[in-house]
Amino acid sequence: MATIFSSHSSLFSSSATASATTPTPRKLPNPLLHIPLSKQPLTNLTAAVAIATILTTAPPSLADTSTTTYQLYYGTAASAANYGGYGGNSSKKDSAEYVYDVPEGWKERLVSKVEKGTNGTDSEFYNPKKKTEKEYLTFLTGFRQLAPKDAVLNNLALSDVVLQDLIASAEGLSSEEVKDDKGQVYYVYEIDGVGTHSLISVTCANNKLYAHFVNAPTPEWNRDKDVLRHVHESFKTVGSF
């Protein structure tokens, strides 16, 4: 908020008497120019204050969870052979195997059959203002239960080069096992890498292993961490919510 300062000074005057014995008066400095506030219209002052307020108010960001809205995404975890390659989720609700929240304004990236068949990526959404701020889900078939936490993370990295690099350069890595209110087990990982932050949630259901990733560059993570944590925690398999 800008503050308008004004300086006040008194206007001085001196008179000399025509007397030879009267000492020469001390010369005073030039008075400071005084502009009365009453000469400035009130409307101008109001406008100046309003402009200063706008300029000093931070723009809203995703980090303001009170204003962020979400769309619920229904994922089918379909095999590459059954994958149609079309976007949207309006027809997926009945056959969904998992769900997660997507921040309003994020865009879906269509996953190719080749990508789905090689690394198991099933869905992905990203922030169009910063495409490396994103969430995506991969799945692998033939898993009835979770292996030890370290083994699971290392196996996921085998088919994910970005995750390999993130683990290799990690400045901090934490993992924990959590259960939802229905007893389903999730492994939760948080990786603080060089320039990137990642949240990963892994669980088993339907004879499949599902891994949900939320990645963001450090500046976006610092700005949007509350929203990104919400997105991370919103991942559930169908039947566990």
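Contact here means heavy atoms within 4.5 Å. The model is predicted: local features need pLDDT of at least 70, side-chain atom pairs count only at pLDDT 80 or more, and totals for chains, interfaces and linings use all residues. Residues are numbered from 1 along each chain as its sequence is written, and side-chain values use heavy atoms, with hydrogens and water left out.

**Exercise 1. The chain as a whole**

Task: State what share of the contacts with a separation of 6 or more comes from residues 24 or more positions apart, then describe the chain's elements and burial.

Solution:
- Step 1. Residues 24 or more positions apart supply 57% of the contacts with a separation of 6 or more.
- Step 2. Count the elements. Helices (H or I, at least four residues) and strands (E, at least two) are DSSP runs, numbered from the N terminus. The chain has five helices and 10 strands.
- Step 3. Turn to burial. Buried means under 20% relative accessible area, exposed over 50%, partly exposed in between (1.4 Å probe, protein chains only). Of the 241 residues, 35% count as buried.

**Exercise 2. The seven-strand sheet**

Task: Give the strand order of the open sheet of seven strands, and find its edges and the helix packed on the sheet.

Solution:
- Step 1. Apply the pairing rule: two strands pair if DSSP finds at least two bridges between them.
- Step 2. Read the order. The order is 3-4-5-9-8-7-6, with antiparallel pairing.
- Step 3. Find the edges. Strand 3 (107-108) and strand 6 (172-179) each have a single partner strand, so one side of each lacks a neighbour in the sheet.
- Step 4. Place the helix. Helix 3 (residues 149-158) packs on this sheet and touches strand 6, strand 7 (185-192), strand 8 (196-205) and strand 9 (208-217). Its direction makes about 65 degrees with that of strand 7. For such angles, axes are lines fitted to C-alpha atoms, for helices over the stretch in contact, and values run from 0 to 180 degrees between N-to-C directions.
- Step 5. Check one edge pair. Strand 3 joins strand 4 (residues 121-127) over two antiparallel bridges. Lysine 107 faces tyrosine 126 there.

**Exercise 3. Strand 9**

Task: Is strand 9 mostly covered or uncovered, and what are its pairings?

Solution:
- Step 1. Count burial. Strand 9 is mostly covered, with 10 of its 10 residues buried.
- Step 2. Split the faces. In a regular strand the side chains alternate between the two faces of the sheet. On one side of strand 9 lie Lys208, Tyr210, His212, Val214 and Ala216; on the other lie Leu209, Ala211, Phe213, Asn215 and Pro217.
- Step 3. List the partners. Strand 5 pairs with strand 9 over eight antiparallel bridges. In that pairing, phenylalanine 139 has tyrosine 210 as its bridge partner. Strand 8 joins strand 9 through 10 bridges, also antiparallel. Threonine 196 is bridged to proline 217.
- Step 4. Inspect the turn. The hairpin of strand 8 and strand 9 has two residues between the strands. Asparagine 206 takes a positive phi near 60 degrees there.

**Exercise 4. The three-strand sheet and the core**

Task: Which helix packs on the sheet of order 1-2-10, and what does that helix give to the largest nonpolar core?

Solution:
- Step 1. Set up the sheet. Three strands form an open sheet with antiparallel pairing. Six bridges join strand 1 (70-75) to strand 2 (98-103). Leucine 72 has aspartate 101 as its bridge partner.
- Step 2. Name the helix. Helix 5 packs on the sheet, touching strand 1, strand 2 and strand 10, at about 165 degrees to strand 2.
- Step 3. Define the core. A nonpolar core is a set of buried Ala, Val, Leu, Ile, Met, Phe, Trp, Tyr and Cys residues joined through side-chain atoms within 4.5 Å.
- Step 4. Describe the core. The largest has 20 residues, and Tyr98, Tyr100, Leu137, Tyr210 and Phe235 have the most contacts inside it. Helix 5 gives the most to this core, with four residues.

**Exercise 5. Glutamate 97**

Task: Is glutamate 97 buried or exposed, and which side chains make polar contacts with its side chain?

Solution:
- Step 1. Locate the residue. Glutamate 97 lies in the loop between strand 1 and strand 2.
- Step 2. Apply the cut-off. Glutamate 97 counts as buried because its relative accessible area is 17%.
- Step 3. Find the partners. A polar contact is a pair of N or O atoms within 3.5 Å; within protein, one must be able to donate a hydrogen and the other to accept it, and residues adjacent in sequence count only if both atoms are side-chain atoms. The glutamate 97 side chain makes such contacts with the side chains of lysine 208 (3.1 Å) and tyrosine 210 (2.5 Å).
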